[in-house]
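Me: Please look closely at a single part of this model, the centre of its sheet. Describe how enclosed that part is, how its neighbours are paired and what adjoins it.

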Amino acid sequence: MMEKDNKAAQASSDEAIINEDQDCFQRKDFANRVANLLTTRESNKSLSVGVYGKWGEGKTSVLNMIKTKLKGSQLIKCVDFNPWMYSDEKQLLLMFFSTLHSELETLSETFREKIGTKFKDYSSIIGGALSITGADTKSVMEDIGDKLAGKTLIQKKEEINQALIVEKQRFVIFFDDIDRLTSDELFSVFRLIKLTGDFENVSYVLAFDDEIVSKMLSERYSGEGRSYLEKIIQLPLRIPKAQKYDLNRYLFERLNRIKEQNSYSSTDSESSDIQGSINLYILPFVDNPRLIVRLTNALEFVLPMLVHQINFEDLILIEWIKISYPGVYDVIRENFGLLKTNFSERDLSLIHISE
């Protein structure tokens, strides 16, 4: 009973789920397949996986389930990296390598000694090179020269690669909602993945709306955004659509919980009418769980004030109109008396309603 209550409370706040036991929309098989691929792949080459989905389709939930599955592997280290927190490319790169370095603290001392300094030096060289404009060029170049110590940057990178391979340590780095970044931030992330951070045994999993990102890229690459994206993402995967059956079940679980909380009971006839209205006016236009969360959160707020004054079916439909067709709702709100008046067809033709 406690598990069910926690699940309901979490869903009400529209937070992403953490593990497959909380999955209501058959996404766990998809997440497990991605996790298995990352665990069992034989190649050491860096891999970038795109988890594509639109607003509300559960991208973050899928990432969480992948991470939960991967945590069972001793040879894989999951790393969350949030690129929104950094103002420019230099800071992004430095903090990326700093994040990797800090994650090494949870690994063996031998591994930290072999690769920790290499990560740190590599990141400072990259960061120093990005700092040359507007800086003391001579001191920056001297510092870079000291860290290279007769080796090229490519050789420094190869040292990191060999250490990762020998120690059989894999990293999977997660980027969520990169479609919310600005155009410049987005390019910095992609350059990091494709050029600076493409190490052996390091994979990237990025969740975003591919249509939005392709459009942003097209603004810089003369309409070739999709082609550019295909060069970055080696394995594009689209989250399965939530099935209408699961959406219907999820909606009624939440509606029944709201009725129980407010001691509201419906006759069999009323329940049948509610199901009919939902099948006709709501479900055909719902394609992701977040719309259901928005609707039921609105009902959860409004019903306690109207529980003895309104038909529940009417309230559901009014709140759905408010969320999905705000222009129509404004007309209803400003002309509520029209809903209580009978009109001939001629009279109705005189009423102009527009969103």
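**Strand 3 and its surroundings**

Reply: Strand 3 is largely enclosed by the rest of the structure, because six of its seven residues are buried (under 20% relative accessible area, with exposed over 50% and partly exposed in between; 1.4 Å probe, protein chains only). The model is predicted, so local features need pLDDT of at least 70 and side-chain atom pairs pLDDT 80 or more, whereas totals for chains, interfaces and linings use all residues. Numbering starts from 1 along each chain as its sequence is written, and side-chain values use heavy atoms, without hydrogens or water.

The strand covers residues 170–176 and belongs to an open sheet of five strands. Strands (E, at least two residues) and helices (H or I, at least four) are DSSP runs, numbered from the N terminus. The order of the sheet is 2-3-4-1-5 and its pairing is parallel, which places strand 3 between strand 2 and strand 4. Two strands pair if DSSP finds at least two bridges between them.

On one side, strand 3 pairs with strand 2 in the parallel sense over five bridges. Isoleucine 76 has arginine 170 of strand 3 as its bridge partner, and valine 79 stands opposite isoleucine 173 in strand 3. On the other side, six bridges join strand 3 to strand 4, and these two strands also run parallel. Here aspartate 176 is bridged to alanine 207 of strand 4.

Beyond these pairings, the sheet ends at strand 2 (76–80) and strand 5 (235–238). Each of these edge strands has a single partner, so one side of strand 2 and one side of strand 5 are left without a neighbour in the sheet. From one strand to the next, the twist averages 20° (angles between N-to-C directions of axes fitted to C-alpha atoms, for helices over the stretch in contact, from 0 to 180 degrees).

The approach to strand 4 also merits attention. Strand 4 spans residues 202–208, and the loop between helix 8 (183–196) and this strand contains glutamate 200. Despite carrying a position in a loop, glutamate 200 is buried, with a relative accessible area of 13%. Leaving aside residues up to four places away in sequence, glutamate 200 touches Asn44, Lys45, Asn161, Leu164 and Ile165 (heavy atoms within 4.5 Å). Glutamate 200 and lysine 157 are 43 residues apart in sequence, and their C-alpha atoms are 9.7 Å apart in space.
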